[in-house]
Amino acid sequence: MDPQSTPDLSTPASSLPLSTVAVVGLGTMGTGIAEVLARAGREVIGIDTDEAAARQAVATLEGTTARAVARERITERERQDILARFRTFTDLQAAADADLVIEVVPEDYELKRQVFAGLDAVVRPDTILATGTNALSVTRLAADSQRPERVLGVHFFNPAPAMKLVEVVSSVLTAPTAVAAVTALAHDLGKDPIAVGDRPGFVADGLLFGYLNQAAAMYEARYATREDIDAAMRLGCGLPMGPLALLDLIGVDTARTVLEAMYADSRDRLHAPAPVLGQLAEAGLTGRKAGRGFYTYEAPGSATVVPDAESPSSADEQSAGRTVSSVGVAGSGTMASGIAEVFAKAGFKVVLAARSLEKAETAKARIAKSLGRSVDKGRMSAGARDTALASITPAGSLDAFADVDLAVEAVAEDLAVKQELFQALDKVCKPGAVLATTTSSLPVVACARATSRPEDVIGMHFFNPAPAMKLVEVVRTVLTADDVQATVRAVCAKVRKHPVDCGDRAGFIVNALLFPYLNNAIKMVEEHYASLDDIDAAMKLGGGYPMGPFELLDVVGLDVSLAIEKVLHAEFRDPGLAPSPLLEHLVAAGCLGRKTGRGFREYARR
């Protein structure tokens, strides 16, 4: 918890709303919730039938508070007060005087039902009972309780002391006063609560687990390696962790349970657990806690990944491929300029060709401004800027590509336009030149077949802005030669980009995982389940995403997003990938995002 958000520790607990809170289940999450409550001045009753778990919870709190003292975030006196407010027991009877009980036992309905039945017998009639589930039905637990109106869900995120989001989940039976009391408590704890209805996964996990499931299925299909899938989503989307590493952290078995509940509710094939999740779970390979899941770890509970049979090694490296010293970039837009800048800064001779010499010179002027900003910020010297600019030759025709070793097209995302350009490159470029397309959604092989040398054609998908984004998806078709793939990987290394290998299918890695997640977020709004603001907040605060889905959609452009959704739906024929009608309606209305001043939100026109 941030120091500035820590409540006044001198406030007597008896004067605070929901002043005494019992936490049932002292695993990692239960212990974290207990710490948050104790730091906020609440009397905390920790209950776990396992005495060892209770002792470990106390030891954990002692350790975290000692570190807080060492960092001068709290005083030693405050630390002792916090520790005094946390007491542990092995019997539910200890919850008799609690104002609120939060159960955080394993995700098993019968176990949770037994806990609630036991609590019904001991707590006061006005005590609020909260389940920490993220997959099971809050409504069902409430219906089985003696007082369903006081039952709700309160979903913290791991690690509870650090994560700001709390989902407050009400069923149709929950009293508004209970929701209001728990929401007020969450605010007192320094959290950002959002109110949601009862359905598996709620907001954050409802979006997150579908994405994780698709990543597991992608790995299972051997479309890309686990390392490339994770690197693609970290570097291409700015996520704190790759999806497979995150599955290992969450627990493969836990993820499977959540997805089973989501699928039972939605019948959406995107939520049907990938078979590999069941295979790993049944084998006991449940992730970090077991020491092995998608990756292998140093020891159970360790975060340190160690090499295993799937780890890439130096022996896996391909040959250097063909020699590349000069590069042609076709196009005059933002992406073409950015790619030309990347190659120029890395020491390549660059020919920047557009439909006219004037357009090419305008693109070079854009590069000059970008490099100038880098000089102003101290990221490069004036001499390096001048050298990079001098290496770029603007041209008004593709004829200037006659001697380039690598030709990269970055023109409009229109297959007919790209095919015409590749026909021209085929005639102009010398034998042995590598021909690359930067398409993000069109079939690379269709560009290759427009030439007489499809073995020389490959996808080289840069991300925008190209100078800043580290990822390049290297897209090989069934016709691409081995040394062409090796050449592009070597070029990526020279321009300081991270290449990931994938096959020629819709969306490649990043868009194939990103856009179904964005589409599902739109469906949540369409179904009036949650607001734009709550969904964006949930993914930023609960998932660590740099932008919420609606912020991102408006930046990308709703027309671009719809086009990618349509390509994915046409390729995979999965009903769950069908574009949301709301997205189609906004595009039809000309509401395309920031570029038009209105998308899911309105923006001030420049």
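**Stop 1: the second largest pocket**

Select α18 (510-526). This helix supplies five residues to the lining of the second largest pocket, the largest share. The model is predicted, so read every value below as computed from it. Now add α8 (226-237), α12 (334-345), β16 (457-462), α20 (549-556) and α21 (558-572) to the selection. Each of these elements, like α18, gives at least two residues to the lining.

Show the whole lining: 37 residues. To find the centre, label M335, F463, N464, V556 and V560, which lie nearest to it. The volume of this pocket is about 1300 Å³. Colour the lining by residue class. You get 25 nonpolar, ten polar and two charged residues.

**Stop 2: a cis bond at N464**

Stay on N464, one of the residues nearest the pocket centre. Its peptide bond to P465 is cis, with omega near 0 degrees. P465 sits in the loop between β16 and β17 (471-476).

There is another cis bond to select, from N158 to P159. Here too omega is near 0 degrees. Look for P159 in the loop between β6 and β7.

**Stop 3: the eight-stranded sheet**

Follow β6 and β7 into their sheet. The sheet is open and has eight strands, in the order β3-β2-β1-β4-β5-β6-β7-β8. Pairing is mixed. At the edges are β3 (86-89) and β8 (192-197), each paired on one side only. From one strand to the next, the twist averages 25 degrees.

Zoom in on β1 (residues 20-24) and β4 (residues 100-103). The two strands run parallel and are joined by four bridges. For one partner pair, pick V23 and then I102 in β4.

Which helices should you add to this view? Start with α4 (residues 109-120), which lies across β1, β4, β5 (128-131) and β6 (151-156). The helix runs at about 170 degrees to β5. Then show α19 (residues 532-543), which packs on the sheet and touches β7 (165-170) and β8. Its direction makes about 125 degrees with that of β8.

**Stop 4: helix α11**

Select α11 (residues 275-282). Which of its residues are buried? V276, L277, G278, L280 and A281 are. Show their surroundings: these buried residues pack against α7 (204-220), α9 (243-250) and α10 (252-266). Step past the end of the helix to G284, where phi is positive, near 80 degrees.

**Stop 5: A407**

Jump from A281 to A407. The two are 126 residues apart along the chain, and their C-alpha atoms are separated by 47 Å. A407 belongs to strand β14 (residues 406-409). Is A407 buried or exposed? A407 has a relative accessible area of 0%, so it counts as buried. Leave aside neighbours within four places in sequence, and its contacts are G328, F401, L425, C429, V434, L435 and A436.

**Stop 6: two arginines with positive phi**

Finish in two loops. R222 is in the loop between α7 and α8. This residue is not a glycine, yet its phi is positive, about 60 degrees. R222 has 56% relative accessibility, so it counts as exposed.

Last, select R496, in the loop between α17 (482-494) and β18 (498-503). R496 is not a glycine either, and its phi is positive at about 65 degrees. With 68% relative accessibility, R496 counts as exposed because the cut-off is over 50%.

Definitions and conventions: Residues are numbered from 1 along each chain as its sequence is written. This is a predicted model: local features need pLDDT of at least 70, side-chain atom pairs count only at pLDDT 80 or more; totals for chains, interfaces and linings use all residues. Side-chain values use heavy atoms; hydrogens and water are left out. On a 1 Å grid over the protein atoms alone, a cavity is a set of points where a 1.4 Å probe fits but cannot get out, and a pocket is an open set with protein on both sides within 12 Å along at least five of seven lines; lining residues have an atom within 4 Å of a point. Grid points are joined across faces, edges and corners, and a volume is the space filled by probe spheres set on the points. Ala, Val, Leu, Ile, Met, Phe, Trp, Tyr, Cys and Pro count as nonpolar, Asp, Glu, Lys and Arg as charged, and the others, Gly among them, as polar. Two strands pair if DSSP finds at least two bridges between them. Axes are lines fitted to C-alpha atoms, for helices over the stretch in contact, and angles run from 0 to 180 degrees between N-to-C directions. Contact means heavy atoms within 4.5 Å. Buried means under 20% relative accessible area, exposed over 50%, partly exposed in between (1.4 Å probe, protein chains only).
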